[in-house]
Amino acid sequence: MATSPASTWAARYWRELQRQPAAEHQYASLLGLRSFDPAELHARVEQGLAFETLERLRDVLDLPLTRFAELVRIPSRTLGRRRDAGRLDPDESDRLLRLARIVGLTLRLFEGDLERTRVWLMKPHAAFGGESPLSFSTTEVGARAVEHVIGRLEHGIPL
């Protein structure tokens, strides 16, 4: 059975979590980034992440590019320009990193099980007004609410 790029990135992230205590920004590895240092991540976001980072996370989630672009709030025409330029702008990069954070926390919740992670992220949930955790994470306040629910689930606290 061939290993998909998505399962490779997710498996690498899970192996890193198993080997060492989780760095605060270790989820950045889902984008192919190697540094978890806040100052370096900040600088990378400010300069704009490479377009391929978007493709990596999209592969992890196994979503069509148009749907993924909606989650990162990039209009389709702009997406084409970003692909041609090879780089996202800082705001788009920040939104992509936020989404990677949610995916990373969910992968950790489900102990590296990529399929369970995808299902949970895409399934509508009452805690998010009937929206999926992924859709609810398009804003910072929504992403924080998703993080809160993940934290409750990690500690066995009923919702």
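**Exercise 1. Ser35 and its partners**

The side chain of Ser35 makes a polar contact with the side chain of Glu40, at 3.2 Å. The model is predicted. Task: place Ser35 in the fold, say whether Ser35 is buried or exposed, and list what Ser35 touches.

Solution.
- Step 1. Locate the residue. Ser35 sits in the loop between α1 and α2.
- Step 2. Check its accessibility. The value for Ser35 is 16%. The cut-off for buried is under 20%, so Ser35 counts as buried.
- Step 3. Look for a backbone partner. A polar atom of the Ser35 side chain lies 3.3 Å from the backbone nitrogen of Asp37.
- Step 4. Set aside neighbours within four places in sequence. Ser35 is then in contact with Ala28, Glu40 and Leu41.

**Exercise 2. Helix α6**

Task: compare the expected span of α6 with the distance between its end C-alpha atoms, and say how many of its residues are buried.

Solution.
- Step 1. Take the 20 residues of α6 at 1.5 Å a residue; the helix should span 28 Å.
- Step 2. Compare the model. The end C-alpha atoms of α6 are 29 Å apart, which agrees.
- Step 3. Count the buried residues. There are 16 of 20, so α6 is largely enclosed by the rest of the structure.
- Step 4. Inspect the start of the helix. There a side-chain oxygen of Asp89 comes within 3.1 Å of the backbone nitrogen of Asp91.
- Step 5. Inspect the other end. Glu111, just after α6, has a positive phi of about 50°.

**Exercise 3. The largest nonpolar core**

Task: find which residues touch the most other members of the largest nonpolar core, and which element gives the most to this core.

Solution.
- Step 1. The core has 46 residues. Leu31, Leu54, Leu57, Phe68, Leu96, Val103 and Trp120 touch the most other members.
- Step 2. Sort by element. Two or more residues come from each of α1, α2, α3, α4, α6, α7 and α9.
- Step 3. The most come from α6, which gives nine.
- Step 4. Follow one member, Leu31. Beyond four places in sequence, Leu31 touches Leu49, Thr53, Arg56, Leu57, Leu96, Leu97 and Ala100.
- Step 5. Turn to α3, residues 51-61. Its buried residues are Phe51, Thr53, Leu54, Leu57, Arg58, Val60 and Leu61.

**Exercise 4. Aromatic pairs**

Task: how many aromatic pairs does the structure hold?

Solution.
- Step 1. There are two.
- Step 2. Take Phe110 and Trp120. Their ring centres are 6.4 Å apart and their planes stand at 55°, so this pair is tilted.
- Step 3. Place the partners. Phe110 is in the loop between α6 and α7, while Trp120 is in helix α7, ten residues apart. Both Phe110 and Trp120 are buried.
- Step 4. Take Phe128 and Phe136. With centres 5.2 Å apart and planes at 35°, this pair is tilted.
- Step 5. Compare accessibility. Phe128 is buried at 2%, whereas Phe136 is partly exposed at 24%.

**Exercise 5. Salt bridges**

Task: how many salt bridges does a search of the whole structure find? Then examine three of them.

Solution.
- Step 1. The search finds 13.
- Step 2. Glu70 and Arg67 meet at 3.2 Å, N to O. They are three residues apart in helix α4, which means a separation of about one helical turn. Glu70 is partly exposed at 49%, and Arg67 is partly exposed at 30%.
- Step 3. Asp89 and Arg82 meet at 3.5 Å, N to O. Asp89 is partly exposed at 26%; Arg82 is buried at 19%.
- Step 4. Arg101 and Glu140 meet at 3.2 Å, N to O. This bridge links distant parts of the chain, helix α6 and helix α9, across 39 residues. Arg101 is buried at 14%, but Glu140 is partly exposed at 33%.
- Step 5. Widen the view. Arg101 and Glu140 belong to a salt-bridge network with Arg98, Arg144 and Glu147.

**Exercise 6. Positive phi**

Task: where do Asp62 and Arg73 lie, and what is the phi of each?

Solution.
- Step 1. Recall the background. Most residues other than glycine have a negative phi.
- Step 2. Asp62 follows α3 and lies in the loop between α3 and α4. Its phi is near 55°. Asp62 is exposed, at 56%.
- Step 3. Arg73 lies in the loop between α4 and α5. Its phi is near 60°. Arg73 is partly exposed, at 46%.

Definitions and conventions:
Residues numbered from 1 in each chain as written. Predicted model: local features only at pLDDT ≥ 70, side-chain atom pairs only at ≥ 80, totals over all residues. Heavy atoms only, no water. Buried < 20%, exposed > 50% of the residue type's maximum accessible area, 1.4 Å probe, protein only. Helix = DSSP H or I, 4+ residues; strand = E, 2+ residues; numbered from the N terminus. Phe/Tyr/Trp six-rings, centres within 6.5 Å; stacked < 30°, edge-to-face > 60°. Core = buried A, V, L, I, M, F, W, Y, C linked by side-chain atoms within 4.5 Å. Contact = heavy atoms within 4.5 Å. Expected span 1.5 Å × (residues − 1). Polar contact = N/O pair within 3.5 Å; in protein donor to acceptor, adjacent residues only side chain to side chain. Salt bridge = Lys/Arg side-chain N within 4 Å of Asp/Glu carboxyl O.
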